[in-house]
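Visitor: Hey, got a minute to go through this one with me? I'd like to talk charges and then the sheet.

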Amino acid sequence: MLMRYTQRFKWCETWSGENRHDFIGLDDEEVIGRIQLDQTTPNKAGLWRWNVAAAPWVPRTVTPPQGWAETRRKALRLVEKHYESLKRRSVDR
C-alpha cells in the first residue's frame with residue numbers, strides 16, 4: 001500500500017489572495033523554501049518550480065537546491081525533504 005505524504009511544515013501564499021500559485025514554507029518563523037507554478041520557462045511551463053531557502057547554517061555544497069516537479073504536492077515534499085536533510089547535516093557537523 002502506497003502511503004500519502006503528510007506535509008511537516010506550514011505553507012502560506014506568497015502573495016496572499018492573489019491566486020498566483022506561489023507559496024513559501026515555514027519552520028516556525030524561518031522560511032524553508034518556495035514553490036511556484038512555472039508559467040513562462042520554455043519546456044517547464046505547467047511544472048512546479050521548487051527551491052530551498054538560503055540560511056547561514058546551510059552548507060554551500062549541498063545540491064540540488066532547486067528543481068521542477070509535476071505537482072504542487074511533490075514540489076512541497078521535495079522542499080521539505082531537502083530542508084530536513086540540510087538540518088540533519090548541520091547537526092552532524
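Guide: Sure. Let's fix one term before we start: a salt bridge here is a side-chain nitrogen of Lys or Arg within 4 Å of a carboxyl oxygen of Asp or Glu. Keep in mind that this is a predicted model.

Visitor: Fine. How many salt bridges turn up in the whole structure?

Guide: The search finds 4 salt bridges. One of them joins the side chains of Arg20 and Glu18, with N to O at 2.7 Å.

Visitor: Are Arg20 and Glu18 buried, exposed or partly exposed?

Guide: Arg20 is partly exposed, with a relative accessible area of 44%. Glu18 counts as partly exposed too, at 45%.

Visitor: OK, next. What does Arg34 pair with?

Guide: The side chain of Arg34 meets that of Asp22 in a salt bridge, 2.5 Å from N to O. This pair links distant parts of the chain: Arg34 belongs to strand β3 (residues 30-37) and Asp22 to strand β2 (residues 22-27), 12 residues apart.

Visitor: And why does Asp22 count as buried?

Guide: Because buried means under 20% relative accessible area, and Asp22 comes out at 7%. Arg34 is partly exposed, at 28%.

Visitor: Which residue does Lys87 bridge to?

Guide: Lys87 forms a salt bridge with Asp27, where the closest N and O atoms are 3.0 Å apart. Here helix α1 (residues 72-92), which holds Lys87, is tied to strand β2, which holds Asp27, and the two residues are 60 apart in the chain.

Visitor: Buried or exposed, that Asp27?

Guide: Asp27 is buried, with a relative accessible area of 15%. Its partner Lys87 counts as partly exposed at 34%.

Visitor: Let's switch to the sheet. What's the strand order?

Guide: It's an open sheet of 5 strands, ordered β1-β2-β3-β4-β5, with antiparallel pairing. In general, strands of a sheet pair through backbone hydrogen bonds, either parallel or antiparallel.

Visitor: Which strands are at the edges?

Guide: Those are β1 (10-13) and β5 (66-69), and each pairs on one side only.

Visitor: What's the average twist?

Guide: From one strand to the next, the twist averages 25 degrees.

Visitor: Last one: how many bridges join β4 to β5?

Guide: There are 4 bridges between strand β4 (residues 48-52) and β5, and the two run antiparallel. If you want a spot to look at, Trp50 stands opposite Gly67 in β5.

Technical notes: Residues numbered from 1 in each chain as written. Predicted model: local features only at pLDDT ≥ 70, side-chain atom pairs only at ≥ 80, totals over all residues. Heavy atoms only, no water. Buried < 20%, exposed > 50% of the residue type's maximum accessible area, 1.4 Å probe, protein only. Pairing = 2+ DSSP bridges. Axes fitted to C-alpha atoms, helices over the stretch in contact; angles between N-to-C directions.
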